[in-house]
Amino acid sequence: MSAAPVVARDVVAPTSRGGMPSAALVWDAQPSDAAAVVIVLHGGAVDGYEPNRPWSHNVARLVPFARALRSVPGPLAVARVRFRFRGWNGDEQAPLVDARWALEQVRTAYAGRPVAVVGHSMGGRVALHLGEDRDVRLVVALAPWIERGDTRPGPQCRTIVIHGDRDVICGLSRSRRLVEGLQAQGCDASLIRVARGDHAMLMRARLWTELVTGVVAGTFADELGIADDGAAEPRSGVVGAAIALAVHGGGSIIDL
């Protein structure tokens, strides 16, 4: 029998002065006995104070990933952050502020549970920042926006960057330099290069979601009981091999 869901539902941040939009934490799965939590972060833009809505294309693009994560066996909680504004907005770093607020909400709901952060584009930049937090054990950065001087994940965190080779918005070369730099520091970091992959992750879309769910399941297999009860067989073929190498290889550059 599955555990009853946590009573608390979606959370909205207090509205700031002047009636500005609020960030939101939208729960897609809330098992009361969750052994791990995934936070999903959508993309955005360099600048912009347009409010994000549930139907905004950058927000909606990450919904399939959150829904796919619900299929991971075991008690896994899944939540999506909706940033207040479309833009990063310079030193204001608005989405990072929102994501840190959301992480505190997750800690309140599931104290002591390990956290994975999955982020696309601007959300990938935010995810990499959050990787320094003590509770974040996994960062999956999808076609991330990377800037020199940004905070990087800490040694307690596995970092897996997935990037298409036809991305004309965020350069693949920056992802490779990031991963190689983390590897040089002794961190567990891997890059999966998706052939024919675009920035929006629409080309080979199923592969992107399979990689995310596989990496999360593999990283938290012990916590979720997957390794013990055989709830899910490891995926076979080249995709399964890529996931296994990223999770267990200790740092790799992988082509798919």
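This briefing covers three buried residues and one pocket. The model is predicted. Aspartate 98 is a buried helix residue, while asparagine 89 and serine 121 each combine a loop position with a positive phi. Serine 121 also appears in the lining of the second largest pocket.

**Aspartate 98**
- Aspartate 98 belongs to helix 3, which runs over residues 94–109.
- Its relative accessible area is 4%, so aspartate 98 counts as buried, the cut-off being under 20%.
- Beyond its neighbours within four places in sequence, aspartate 98 makes contact with Ala23, Phe83 and Arg84.

**Residues with positive phi**
- Most residues other than glycine have a negative phi.
- Asparagine 89 has a phi near 65°, a positive value.
- Asparagine 89 lies in the loop that joins strand 4 (76–82) to helix 3.
- With a relative accessible area of 7%, asparagine 89 is buried.
- Serine 121, also not a glycine, has a positive phi of about 60°.
- Serine 121 sits in the loop between strand 5 (115–120) and helix 4 (122–130).
- The relative accessible area of serine 121 is 8%, and therefore this residue is buried too.

**Second largest pocket**
- The volume of the second largest pocket is about 330 Å³.
- This pocket is lined by 18 residues, and those closest to its centre are Gly44, His120, Ser121, Ile169 and His199.
- By type, the lining of the second largest pocket consists of nine nonpolar, seven polar and two charged residues.

Methods
Residues are numbered from 1 along each chain as its sequence is written. This is a predicted model: local features need pLDDT of at least 70, side-chain atom pairs count only at pLDDT 80 or more; totals for chains, interfaces and linings use all residues. Side-chain values use heavy atoms; hydrogens and water are left out. Helices (H or I, at least four residues) and strands (E, at least two) are DSSP runs, numbered from the N terminus. Buried means under 20% relative accessible area, exposed over 50%, partly exposed in between (1.4 Å probe, protein chains only). Contact means heavy atoms within 4.5 Å. On a 1 Å grid over the protein atoms alone, a cavity is a set of points where a 1.4 Å probe fits but cannot get out, and a pocket is an open set with protein on both sides within 12 Å along at least five of seven lines; lining residues have an atom within 4 Å of a point. Grid points are joined across faces, edges and corners, and a volume is the space filled by probe spheres set on the points. Ala, Val, Leu, Ile, Met, Phe, Trp, Tyr, Cys and Pro count as nonpolar, Asp, Glu, Lys and Arg as charged, and the others, Gly among them, as polar.
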